[in-house]
Amino acid sequence: MAHRVILESFSYQYPGQVTPALADISLAVPKGQCCALLGPTSAGKTTLLQSISGILHKHHASGFASGKIVIGDESYAPLPEEIQFPKIAYALQDPYVQISGVRETVLDEIRFTLENLGRWDSSTDDSILSLLRHLGIDHLAERKPTTLSGGETQRVALATILIAEPDVLLLDEPLTALDYVAQDRLSDLFKGIKERSTILFTDTHMEFALAVADVIVVLEKGRMVFSGDRKGLLDHIDSFESILPSHQWKELIRTVKVSQGPEATEAILKAMETI
Amino acid sequence: MRLDLKSKLASVFFLWVCAFTLDWPVNATLILLAILLRYVVPGFRPTSQRAARSIVAFMSYSTLIVLIVVSLNAVLLPGGDVLLIVGGIGFHESGALFGLRTACRLVLLSLSVLLFFASTPIREFIRFLQGTGFPPQLGLVLLLTLHFLEQLPDRINQIFAAQEARGSPVRANVVSRARAFVSILFPLVLSSISESIDRGQALELRGFLGQGQMPVFENRRSDTSLLTMSLILLSIALIILRILNWLIA
């Protein structure tokens, strides 16, 4: 079941660094909603996902953290100290490293996750195949995972964690290597799994976020410069000119706002959902 | 006969014992037999074309190494008859024999290991280790290392192709190939280490070292335990004979 994710005045500073990677971040993602973390590189997006997943403390235990992270009914002060899988699943930015490389087929690679959780039996293969069909990669089931293209690897990487049916799904730049068709599929997938999982994903561009996200957070140099919904972001779009490079959409939105008034932004949002 | 991993490991152990305890004519015969194994025993057939190519490459390089080791020893270690004189340099019998002994030993040792790994899929090997109680953490480290080695030739080819696309003659001849290889070695190793760390992290994030552990695969019934036992007993007998030989001499 999807869980809410709340950060209260959360800050984190890596060991040996003089400036915090994240400073005073407060955000709330209601259960079953999708949150986009936007911002340029080094804004702190990945650190934020790692903090929630539990891997940040595990690998940088001497880092300084303050504030509080709440996942569902559990509160972690300041952050989870152990990896929270399968409650929270986290897909790394590079899909190639998500593939273990020790299994001969895509089907077997996904089984590996269930085996680690002690959940695998022959009947679970049907759920794996159903998930692969949902992701449009069922034809790859018997292929060797290390021979796939970038987009295919991205989707297999996603399948390796989605099969665990996490309550919270953290995706670091899931659009890397995806073409427009695959992005549409991912958008449909997000809509399909929102009841099961709360989703937080990072991106450097805003088109996808505007199409799928319920909550949008913009980070810059570790600080939160915006938190709100899509309409709110569009209303303040001019403030983020330098950090959200999406010139075509900005142009379109600006033109529509000038020519047809601010209420036209609603129409744009609706149009984007149908694209 | 289909060999299981235990028998294959026992064969490698037997060849190692032979390499250290027997003289060069037997070792040379064993080298030829080991090469023959690759063709006639299904358990020693290479798992991929790349593995098969590596055995062929090994054989050609080892021929060269045997020639160099024997020649150098024959020239540098005087003693016994002079077998031939080339350009005023004499090749001595005892040096040549010492060279043959050393070279055959080296080739037999490395060939046995190569045959084992070329004919054993990584997964099969880890399955075997886990069956013997190998901890999953060490299994992970081994998997990552072997995966890195498996991917290395492809990575080198990719980097070379990228360099060629920029007009750099990295594969023009042996010298340019060697120079290019040296220049990419450091970043290649660093990036591979970094990737291994990330891959390990991704595996952790999939519950690898959490409440579960990498599953122990089913045990397969072995029908070659007699062969395994025979090879181990034969190896022990060879070691004892060798020790007795030293004591009597």
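**Exercise 1.** Gln154(A) is found in helix H6 of chain A; work out whether Gln154(A) is buried or exposed, and which residues it contacts.

*Ground rules.* This is a predicted model, in which local features need pLDDT of at least 70 and side-chain atom pairs count only at pLDDT 80 or more, while totals for chains, interfaces and linings use all residues. Residues are numbered from 1 along each chain as its sequence is written, chains are lettered from A and ligands numbered from 1 in the order in which they are written, and side-chain values use heavy atoms, with hydrogens and water left out.

*Step 1.* Helices (H or I, at least four residues) and strands (E, at least two) are DSSP runs, numbered from the N terminus.

*Step 2.* Check the accessibility: buried means under 20% relative accessible area, exposed over 50%, and partly exposed in between (1.4 Å probe, protein chains only). Gln154(A) comes out at 8%, so it counts as buried.

*Step 3.* Now collect contacts, meaning heavy atoms within 4.5 Å. If we skip neighbours within four places in sequence, Gln154(A) is in contact with Pro95(A), Glu173(A), Pro174(A), Leu175(A), Thr176(A) and Leu178(A).

*Step 4.* Add a distance: Gln98(A) is 56 residues away from Gln154(A) in sequence, and their C-alpha atoms are 8.7 Å apart.

**Exercise 2.** Describe how helix H4 (residues 106–116) of chain A packs on helix H6 (residues 150–162) of chain A.

*Step 1.* Two packed helices are described by the angle between their axes and the distance between the axes. Axes here are lines fitted to C-alpha atoms, for helices over the stretch in contact, with angles from 0 to 180 degrees between N-to-C directions. For this pair, the axes come within 8 Å and cross at roughly 35 degrees.

*Step 2.* Get the hand: a crossing is right-handed if the near helix is turned clockwise from the far one by less than a right angle, and left-handed if anticlockwise. H4(A) passes H6(A) in a right-handed crossing.

*Step 3.* List who does the touching. H4(A) brings Val106(A), Glu109(A), Ile110(A) and Thr113(A), and H6(A) brings Val156(A), Ala159(A) and Thr160(A).

*Step 4.* Sort them by type: Ala, Val, Leu, Ile, Met, Phe, Trp, Tyr, Cys and Pro count as nonpolar, Asp, Glu, Lys and Arg as charged, and the others, Gly among them, as polar. That splits the contact into four nonpolar, two polar and one charged.

**Exercise 3.** What does Thr113(A) of helix H4 touch, and which backbone oxygen lies 2.8 Å from a polar atom of its side chain?

*Step 1.* Thr113(A) has a relative accessible area of 0%, so it is buried.

*Step 2.* Ignoring residues up to four places away, Thr113(A) touches Phe85(A), Thr160(A), Ile163(A), Ala164(A) and, over in chain B, Arg206(B).

*Step 3.* The oxygen belongs to the backbone of Thr160(A).

**Exercise 4.** Track down unusual backbone geometry in chain A, starting from Pro78(A) and Pro86(A).

*Step 1.* Keep the baseline in mind: most residues other than glycine have a negative phi, and most peptide bonds are trans.

*Step 2.* Ala77(A) and Pro78(A) are joined by a cis peptide bond with omega about 0 degrees. Another cis bond links Phe85(A) to Pro86(A), with omega about 5 degrees. Pro78(A) sits in the loop between strand E5 (74–76) and strand E6 (88–91), and Pro86(A) is also placed between E5 and E6.

*Step 3.* Next, phi. Glu165(A) has a positive value near 50 degrees and lies in the loop between H6 and strand E7 (168–171). Glu173(A) is positive too, at about 45 degrees, and belongs to the loop between E7 and helix H7 (180–193).

*Step 4.* Compare burial: Glu165(A) is partly exposed at 47%, whereas Glu173(A) is buried at 13%.

**Exercise 5.** Which residues have the most contacts inside the largest nonpolar core?

*Step 1.* A nonpolar core is a set of buried Ala, Val, Leu, Ile, Met, Phe, Trp, Tyr and Cys residues joined through side-chain atoms within 4.5 Å.

*Step 2.* The largest has 88 residues, and Phe201(A) and Leu233(A) top its contact list.

*Step 3.* Among the residues touched by Phe201(A) are Cys34(A), Leu171(A), Phe190(A) and Val212(A).

*Step 4.* A second, separate core has 23 residues, including Ala34(B) and Leu109(B).

Conventions: A polar contact is a pair of N or O atoms within 3.5 Å; within protein, one must be able to donate a hydrogen and the other to accept it, and residues adjacent in sequence count only if both atoms are side-chain atoms.
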